[in-house]
Amino acid sequence: MAWDDCLGEIRKAAGKDLSDDDIHVMLEDIQLRADRMRRERVDLSQAELLRAAAREAGAEAEMAARIEARNAKINLVKRINRREFYESAPTVGGRPGIVMGLEAKLVGVNTPFAGSRLSVAAQQNALRRDYMVGLTTEFERAGLYETMRSGLIDRAIARELFEMTREGGQPGITGSDPAKQAANIINRYQTLARDGLNREGGWVGQYDGYIARTAHDPDKIRQGGFAAWRGKALDGLDEKTFDGLPDREAFLRGVYNALVTGVHLTPDGMQGFKDPAFKGGGNLAKRLSQGRVLHWRDADAWMDYQAAYGHGNLVEAVLRGLDQAAKSTALMREFGTNPRAEFDADMQALAEAWRDRDPDAVIALKESRKWLANRFDELDGTASMPVNRLGARIGSGVRAWESMSKLGGATLSAITDVPLKAAELRYQGVNLLQGYADGVMSLFRGRGAGETREVIDLLRAGSEGMLGHIAGRFDAADSTPGTLSKLTNVFFRWSGLGYWTDAQRAGAEFVMARHLGALQDRDFAALPEQTQRMLTLFNVRPDEWEALRGVEWVQADGRAHLTPDAASRLGNDQVDGLIGGALDGIRQSALDRMERLVGSLDQLETRLAKHEATVGQAGPTHADVERVGMDATVAGVARYQDGIQRLRQDIRDMLAGDRSHNDVHRHLVREIGAMARTEREIAAKAERRMARLAERVPTAQEAREQAAASIARIHQDMLRHLEELDGLPARLDEQIARARDGARTDLAIKLHSYFSDRGEYAVINPGARERAMLRRGTQAGTLEGEALRFITQFKAFPVAVISKTWGRDLYGGERGMGRAAGVVHTLVATTVMGYVAGMLKDLAKGRAPRDPADPRVWGAAFLQGGGAGLFGDFLLGQYSRFGNRFLESAAGPTLSGAGELLNIWAGLREGHDEKAATFRWALSNTPFINMFYSRMALDYLFLYQVQEAMNPGFLRRFEQRVAKDNNQRFIFSPSRAIPYGGGNRLFEGIRE
């Protein structure tokens, strides 16, 4: 067959117009598949391999089309729901409802309306806690937490995971029970995360030997160079990584370039690495452009690569994968399978829909586009992508160093969490005094024990220290890399802030669960107004509350507690009551499908009868031609036999004497001649008939073959339809089960979102909204982005207080005296606690508390308690010899420290003795020496000695300035404890 004819046949079979390039790509793909199959099926011929490869490609293409159709339906439903939500959002002040709805959908708003806090951000936090805290909690319960953190059995766990996730694997291969147990826990949560993605429209499969998402450190890869990285990769990669690749070198070079540039970290590249650009048709191009994964030969190969070019231990790799899955799943829950495109489409659709209805709203929407996009960037990870990785690492490292240098007393400042927590619980309907009592009880309860611990574990509460997220309270802009990240976690653990934050958060959520548990006997309409409002914020409907009331809740101290797992215990009847309409739709869809299948089978039977008739009426075949010749021969033989019989009779007559020999001879000659002439005429006629039939055979044969092929296809279609019809009941059961599980999951996520989101109001923690405010759309590694991150360091907490606490009190839906009481309580209580925090800091420095009669003290206390951060330290009178502490603090601690250093340098140029100033600067920038519980001892036993020795009279002048500027004295006078010029008289000073 000519090449052009071949192209034509392929286009005809495809049923659509394909370009030559499309066909070339298709044929190349089939050939590559056949080459792969040849390694496994040596018994097949080349033709059989090509047919098998074509069937495999066709099956994948059909599956891709089904997935695309399914996702289109999913996206349409979610798009309709989102836009209805935007339309229902209320207008607040000068902000139109559509803008409020968009922000609520992304990061949540304080204005109460249905679903206004069930944002993508809240669901991301909920899923992250469910996956990551669930994993670490199970490690704790199994006694594996410290072992997992240490990384001592990482390689054994990796081997168990490798065997557990591959076909024909051998779990238990290491002989280590802890490794097998840890692998089982990890695999369970990885499966949970994968199922969550697939439920929202993903198509993430489990491939053989999966351990965890491979970490790639671009800096290590770049430093080693392509040749070294290529060698390490080839040493560990399985050959199936290169299946279907015509040029593995080009593939490896592309992967290397993606890794060193960080392209693989983007949402588009998170599943793997893109192939080089190609030309081709739509669906085929989509299939060929799917991300490839790196398949490792075995667990040791994966571990060796991680050691050479990754970062962190195995559990960190697992947690990173779960974190990414949680973020992606939450985005897909609201914005479908292409979140960024859907968000942009929403903005455009709203602008068009409101152009005539409310032009001012459209103007406000356009003005809001930038800051809304900033919030979306926080959710999909774009804002965390460094433009210059080296610059970003240096910047985040410097800020981590500043945190460890400046936040040794942060635990004392955190005492203001108590009134903030009490205020949040009051907003939810909990007695205010109970909120304060829990602030104290939480310190002794911690994360609890026994039944209390069970409740807290089910809530996934009190996990920030466990996951190393404490630094986010003060600096929401950084993700500190490597060793500094581990040191930062150690610092906050040693400072006590980790325990404090975890205990207070766990306590708050425990009280929330107990508060709802006390209301289990009430229907929704009888719930307190605050509780109804709170459930509505997270779109927990009255019928969902009623369903929850019907299941058993967790008990602790003889009292019921509502935890998210209650949703998983809903019976089928209860769930059916929540999704009855959806179930009716599923059943009707199955009925419609059955009727369509039956109708299709009827049509196929009609077509089958038609083609069978065509076979019978198609015309002569080669067999028909042969039959004509055979019939002629048989007839001729019969005639010969008749003639011979007559001739035999003539011969008998002649022998009997009845006829003469001459007569018989003449008669024989005449008969034989006649017979020969007749046969020649008959044979000629038969040949002519056979020739005419032979001319008709090809056309008839083609018609017959086409009909036979059609019959074969119809048979296949009928079998497929019958199989689908036979499988409809099981498929219907599966769809109903999936719908029920989806309803349980949706309700559980709402409850998880409620606890995690309001927990961050009770114990303030900046979220995506606050990060977007601080970063303002800039990226790490850029000059603007790094400058903004330095300036806003330590300002995340005060911004979060304004956004969450004051936003709730002013816009949270309370009216009249309720709102006034909330505002007054927050003002008064945080100011009092601000004074207490300042007093504790003073005591930790050996100073007497400030005079409460001084109005300046209460102004500073208000700022300290209200989240002013380092501004509170400044306004409370922290001494600075350079006189520009406020402006430097406003510029951030790093720039402030740089300003001090410049002042020292300027003093040196003028001939001043700056040894003491340099020493103080070094002290203020040295991590771990400023812990609140050890700083006073360190000051009196060593640091004051050195400062006085460097600058005789320093301590006396220091005391005088503190007395003048702050109206404050020292409990133990440094100048009396340490003589002029140095020397230790501490105990004499105490006695005097």
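Does Arg460 count as buried or exposed, and at what relative accessibility? At 14% relative accessibility, Arg460 counts as buried, where buried means under 20% relative accessible area, exposed means over 50%, and partly exposed is what falls in between (1.4 Å probe, protein chains only).

Before going further, a word on what you're looking at. This is a predicted model, in which local features need pLDDT of at least 70 and side-chain atom pairs count only at pLDDT 80 or more, while totals for chains, interfaces and linings use all residues. Residues are numbered from 1 along each chain as its sequence is written, and side-chain values use heavy atoms, with hydrogens and water left out.

Now the big picture. The chain has 42 helices and 2 strands; these are DSSP runs (helices H or I, at least four residues; strands E, at least two), numbered from the N terminus. Of its 992 residues, 48% count as buried. Take the contacts (heavy atoms within 4.5 Å) between residues at least 6 apart in sequence, and 73% of them join residues at least 24 apart.

Helix α9, residues 218-236, is a good place to stop. With 19 residues, a straight helix would reach 27 Å at 1.5 Å a residue, but the end C-alpha atoms of α9 are only 18 Å apart. The expected span here is 1.5 Å times one less than the number of residues. Look at Gly225, where α9 bends by about 110°; that bend is the angle between axes fitted to the seven residues ending there and the seven starting there. Gly225 is also buried, as are Phe226 and Trp229, among others in α9. The cover over the buried residues of α9 includes α10 (248-261), α12 (299-309) and α16 (389-406). At the N-terminal end, Asp217 acts as a cap, with a side-chain oxygen 2.9 Å from the backbone nitrogen of Asp219.

Compare α10. Its 14 residues should span 20 Å at 1.5 Å a residue, and its end C-alpha atoms are indeed 20 Å apart. The buried residues of α10, including Phe251, Leu252, Val255 and Tyr256, pack against α9 and α12. This helix has an N-terminal cap too: a side-chain oxygen of Asp247 lies 3.1 Å from the backbone nitrogen of Glu249.

Just ahead of α9, in the loop that follows α8 (177-199), sits Glu200. Glu200 counts as buried because its relative accessibility is 8%. Beyond its neighbours within four places in sequence, Glu200 touches Ile74, Lys78, Thr329, Met332, Arg333 and Thr337.

Trp229 of α9 turns up again in the largest nonpolar core, which has 85 residues; Trp229 is one of those with the most contacts inside it, along with Leu135, Phe139, Ile157 and Ile211. A nonpolar core is a set of buried Ala, Val, Leu, Ile, Met, Phe, Trp, Tyr and Cys residues joined through side-chain atoms within 4.5 Å. Helix α13 (residues 314-335) gives the most to this core, with 12 residues. Apart from this core lies another, of 46 residues, among them Phe510, Val551, Trp553 and Leu751.

Back to Arg460, in the loop between α20 (450-459) and α21 (464-467). Its phi is near 60°, a positive value in a residue other than glycine. Asn539 likewise has a positive phi of about 60° without being a glycine, and lies in the loop between α24 (529-537) and α25 (542-549). At 31% relative accessibility, though, Asn539 counts as partly exposed.

Methods
Polar contact = N/O pair within 3.5 Å; in protein donor to acceptor, adjacent residues only side chain to side chain.
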